[in-house]
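User: Please take a close look at one part of this chain, a loop residue with an unusual backbone angle, and then place it among the other parts.

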Amino acid sequence: MSEYYCIGLMSGTSLDGLDICYSKFNRSSSWHFEILKAETIAYSPEWKEKLNSAPLLSSEKLLSLHSEYGFYLGNAVQDFILNNRIENLNCISSHGHTVFHQPGNKFTLQIGDGRAIKQITGKPVIYDFRSQDVLMGGNGAPLVPIGDQLLFSGYSACLNLGGFTNISFTENGKRIAFDISPLNVVLNSLSSRLGQEYDKNGDIARNNSVNHILLEKLNALEFYKLPAPKSLGTEWVNAEILPLLQNIPTETAIATVTIHAAEQIARALNEKKFDTVFITGGGAYNTFFMESLQQLTTTRLIIPDPEIIEFKEALIFAFMGLLKSLGENNVLSSATGATYDHSSGSIA
């Protein structure tokens with residue numbers, strides 16, 4: 001039995017912070033994992049602003065930020081290694097932070113130069129996991145289904161509730177995956193207008209009314225009629241969601257977007273008649289959202305320990321980096337729409 005020790009770095013669109021997950025993987029007849037250490041480093045207001053405004057930068061300033069953020073990641077993971085006295089480490093995998101995601105135009109950009117992380121840590125670094133898939137005709141997302149298939153196969157489906165919601169499941173021998181709807185990328189932005197980082201426990205949504213005209217408009221968006229595989233990005237939110245929220249009171253918008261996401265997810269669950277769904281991501285802590293979703297479906301919603309809820313994506317990117325370093329496929333074409341399964345990521 002082979003044992004590997006890897007670190008995964010994940011920064012999501014909701015700008016909660018940098019997730020760092022140190023895990024042990026071993027393979028006998030199948031893959032197994034153990035999370036050994038994990039933490040989230042909250043972004044300072046300055047870094048939140050830098051990452052949030054990155055799409056507006058000139059090419060020169062964006063390249064500068066790409067390098068600067070790479071060194072930020074390198075220093076953060078080096079501190080993590082030293083503080084936790086980590087000695088066994090095969091590789092570091094970094095998702096980076098998504099600035100642009102336009103698979104239809106054959107490009108996607110996650111900043112945070114992996115070579116800078118290598119300079120700081122001296123360890124092999126795997127980064128830029130999405131570009132190759134996009135060039136191969138895929139959506140470059142979702143990527144976590146390889147981990148769902150090999151590490152979390154005991155459930156009918158895996159549902160992630162992050163900046164965007166996405167699902168993966170096995171159907172006719174293939175792992176199918178797609179983005180369902182926006183969630184925290186919109187809710188956190190709206191909550192910030194009220195001086196809150198997010199809608200804690202869904203209390204704002206719970207105590208305000210849904211605008212049913214707005215809800216109908218949201219549910220009628222063309223994306224929801226498209227077949228899988230399909231993926232969402234902040235460009236889509238800016239073009240399709242935000243214009244609909246203009247002149248809507250913030251509290252009402254939060255309540256309506258919350259129910260909108262619950263309805264879209266329930267539609268996906270009910271269509272496939274899933275028995276159990278394994279749920280991760282920050283949205284799992286939104287009790288009003290979870291109650292609303294459960295009322296709309298007979299599927300049993302399984303919420304794991306907080307460590308898995310918060311660090312599953314960072315765990316799977318660590319796993320993807322390991323697969324890349326072993327020369328094995330880490331992206332499923334059935335999930336992304338690429339021409340074939342492949343081993344993605346650049347190695348520093």
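What is the relative accessible area of N247, and is this residue buried or exposed?

Analyst: N247 is exposed, with a relative accessible area of 80%. Here buried means under 20% relative accessible area, exposed means over 50%, and partly exposed lies in between, using a 1.4 Å probe and protein chains only. The model is predicted, so local features need pLDDT of at least 70 and side-chain atom pairs count only at pLDDT 80 or more, while totals for chains, interfaces and linings use all residues. Residues are numbered from 1 along each chain as its sequence is written, and side-chain values use heavy atoms, with hydrogens and water left out.

N247 sits in the loop between helix 9 and helix 10, the latter covering residues 250–272. Helices (H or I, at least four residues) and strands (E, at least two) are DSSP runs numbered from the N terminus. N247 is not a glycine, yet its phi is positive, at about 65 degrees. Most residues other than glycine have a negative phi, and most peptide bonds are trans.

R85 also has a positive phi without being a glycine, with a value near 50 degrees. R85 lies in the loop between helix 2 (59–83) and strand 4 (91–94), and it is exposed, with a relative accessible area of 74%. A further positive phi, near 55 degrees, belongs to N172, in the hairpin of strand 9 and strand 10, where 2 residues lie between the strands.

That hairpin belongs to a run of antiparallel pairings. Two strands pair if DSSP finds at least two bridges between them. Strand 9 (residues 164–171) is antiparallel to strand 10 (residues 174–182), and 8 bridges join them; N166 has D179 of strand 10 as its bridge partner. On strand 8 (residues 157–161), strand 9 has another antiparallel partner, joined by 4 bridges. L161 stands opposite T165 of strand 9, and a hairpin of 2 residues links strand 8 to strand 9. Of the 8 residues in strand 9, 6 are buried, which leaves the strand mostly covered.

Elsewhere, 6 strands make an open sheet of mixed pairing, in the order 3-2-1-4-7-13. Strand 3 (31–41) and strand 13 (346–347) are at its edges; each has a single partner strand, so one side of each lacks a neighbour in the sheet. Strand 13 pairs with strand 7 (residues 125–127) in the antiparallel sense, over 2 bridges, and Y127 stands opposite S346 there.

Unusual backbone geometry also appears at two peptide bonds. The bond from A141 to P142 is cis, with omega near -15 degrees, and P142 lies in the loop between helix 4 (131–135) and helix 5 (145–151). The bond from A228 to P229 is cis too, with omega near 0 degrees. P229 is in the loop between helix 8 (212–219) and helix 9 (234–245). Helix 9 is also one of the two helices that flank the loop of N247.

P142 can be set against D203, a residue of helix 7 (residues 203–206). The two are 61 residues apart in sequence and 30 Å apart in space, C-alpha to C-alpha. D203 is partly exposed, at a relative accessible area of 36%.

All these parts belong to a protein chain with 13 helices and 13 strands. Of its 348 residues, 56% count as buried, whereas N247 is exposed.
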